[in-house]
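Here are my notes for you, written so you can follow along with the structure open. Take the points in order and find each element as we get to it.

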Amino acid sequence: MKNQSAFREVLLQARSTSDYSRLTGLLPYARKIGMHCQSLGDDALFVLPENKENTGNPVLPALHGGVLGGFMEMSAAIHLMLFMDEPRIPKIVDFSIDYLRSSRIQDVFAECKVVRQGSRIANVSITAWQSRRETPVATARGNFRLDSN
Amino acid sequence: MNTDEQLESIVQQFLHAIPYCRILGMVPEQTSSKGVVISMPFNEELEANPGSGIIHSGAITSLMDSAFGMAACIALPEYETCPTIDLRIDHLGLPDPFKPVRCFAEAYRVTKTVAFTRGVAYQDDRDEPFAHGVGTFMRTGRTLSDMAKELAK
């Protein structure tokens, strides 16, 4: 798989340089919703910039809940790729999201925390906010498989 | 109570009015008081890895969220805006590459305040789903036109 080895190379580079800007460009779904990832000290910050295409309720107007979910899930997967002891491609097992507030058509930010990384499964919690980190629009949790293949 | 034809037209209008659903090409395939089936075509922009033909789980989440929301709406006696309270998706396997995906969703219980929904994502056979999910939605009692009026104030 040529694409996969190219991605692996960029991932290794991102891990060693803390420059995460090229990663999301290689993942079609991440590119489609327009998300990107930047380093924040030793951590990563995920950003879903304001984009009218991602509207779910044109009357309010509010962001589509499914886009927010997809963004948070993708953030968790990239976070694992960047911060696991060994670079592996995590596979989603299940994903659960709580919507806490209506999210407006504005930038969304997300940060992830690996609650537990075992040898086979990693549990990641994700928090997303818009105006203030203290008032999250959603929290989510994902379990990922960490097979080596 | 709406007839199945009326429900179908409501779902169609909704999907069309929601920019993200329209962009992903979601279309209703079946609508009745028992639930909805919404399909989404394969699109390489939704791939997990370029060239893999596999739609990313995030896009599946979007499809299921939309279908669950539709199922919640049509289960209510009158249309209300229903924000999602929570959503959980189990990814049982991978969808087949380069093929459209579908989601069947139904509201299995509606109370005064909450609509409980569940459903599966599949391709050819509903009994062979690649994802399973549940979602809960809050009943606001506010119709879309109420909301538009409030916003106009």
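**Notes on the two chains**

1. Start where the two chains share a sheet: strand β5 (residues 91-99) of chain A and β3(B) pair in the antiparallel sense, over five bridges. To find the spot, look for Ser96(A), which stands opposite Arg88(B) in β3(B). Keep in mind that this is a predicted model.

2. Now zoom out. How many strands form the open sheet? Twelve, and the pairing is antiparallel. Walk across in this order: β1(A)-β2(A)-β6(A)-β7(A)-β8(A)-β5(A)-β3(B)-β6(B)-β5(B)-β4(B)-β2(B)-β1(B). The edge strands are β1 (36-40) of chain A and β1 (27-32) of chain B, each of which pairs on one side only. From one strand to the next, the twist averages 20 degrees.

3. Have a look at the chain B end of that sheet. There β1(B) pairs with strand β2 (residues 35-40) of chain B, in the antiparallel sense and over five bridges. A hairpin of two residues joins β1(B) to β2(B). You can check the register with two pairs: Val27(B) stands opposite Ser39(B) in β2(B), and Gln30(B) stands opposite Val37(B) in β2(B).

4. Helices pack on this sheet too. Helix α1 (residues 4-17) of chain B touches β1 and β2 of chain B, and its direction makes about 150 degrees with that of β1(B).

5. So what does α3(A) touch when it packs on the sheet? In chain A the list is β1, β2 (43-48), β5, β6 (108-117), β7 (121-129) and β8 (136-145), and β3 of chain B is touched as well. The direction of α3(A) makes about 50 degrees with that of β6(A).

6. That helix has a partner in the other chain. Helix α3 (residues 65-83) of chain A packs with helix α3 (residues 57-74) of chain B at an angle of about 155 degrees, and their axes are 8 Å apart. Any angle over 145 degrees counts as roughly antiparallel, and α3(A) and α3(B) are therefore roughly antiparallel to each other. Their crossing is right-handed.

7. Which residues meet there? On the α3(A) side they are Gly65(A), Gly66(A), Val67(A), Gly69(A), Gly70(A), Glu73(A) and Met74(A). On the α3(B) side you'll find Ser57(B), Gly58(B), Ala59(B), Thr61(B), Ser62(B), Asp65(B) and Ser66(B). Sorted by class, this helix contact has three nonpolar, nine polar and two charged residues.

8. Now take the whole contact between the chains: 29 residues come from chain A and 33 residues from chain B. On the chain B side, the elements giving two or more residues are α2 (19-23), α3, β3 (84-91) and α4 (144-152). The largest share of that side, eight residues, comes from β3(B). By class, the chain B side divides into 16 nonpolar, ten polar and seven charged residues.

9. Last, chain A by itself. Its secondary structure comes to three helices and eight strands, and along the sequence the pattern reads α-α-β-β-β-β-α-β-β-β-β. Its radius of gyration is 15 Å, close to the 15 Å that the globule rule gives for 149 residues, so chain A is as compact as a globular protein of that length. Along its principal axes, the C-alpha trace of chain A spans about 45 × 30 × 25 Å.

Key
Residues numbered from 1 in each chain as written. Chains lettered and ligands numbered in written order. Predicted model: local features only at pLDDT ≥ 70, side-chain atom pairs only at ≥ 80, totals over all residues. Axes fitted to C-alpha atoms, helices over the stretch in contact; angles between N-to-C directions. Helix = DSSP H or I, 4+ residues; strand = E, 2+ residues; numbered from the N terminus. Parallel < 35°, antiparallel > 145°, perpendicular 65-115°, else oblique. Left-handed = near helix turned anticlockwise from the far one by under 90°. Contact = placed C-beta atoms within 7 Å. Nonpolar A, V, L, I, M, F, W, Y, C, P; charged D, E, K, R; others polar. Pairing = 2+ DSSP bridges. Rg over C-alpha atoms; globule rule 2.2 N^0.38 Å.
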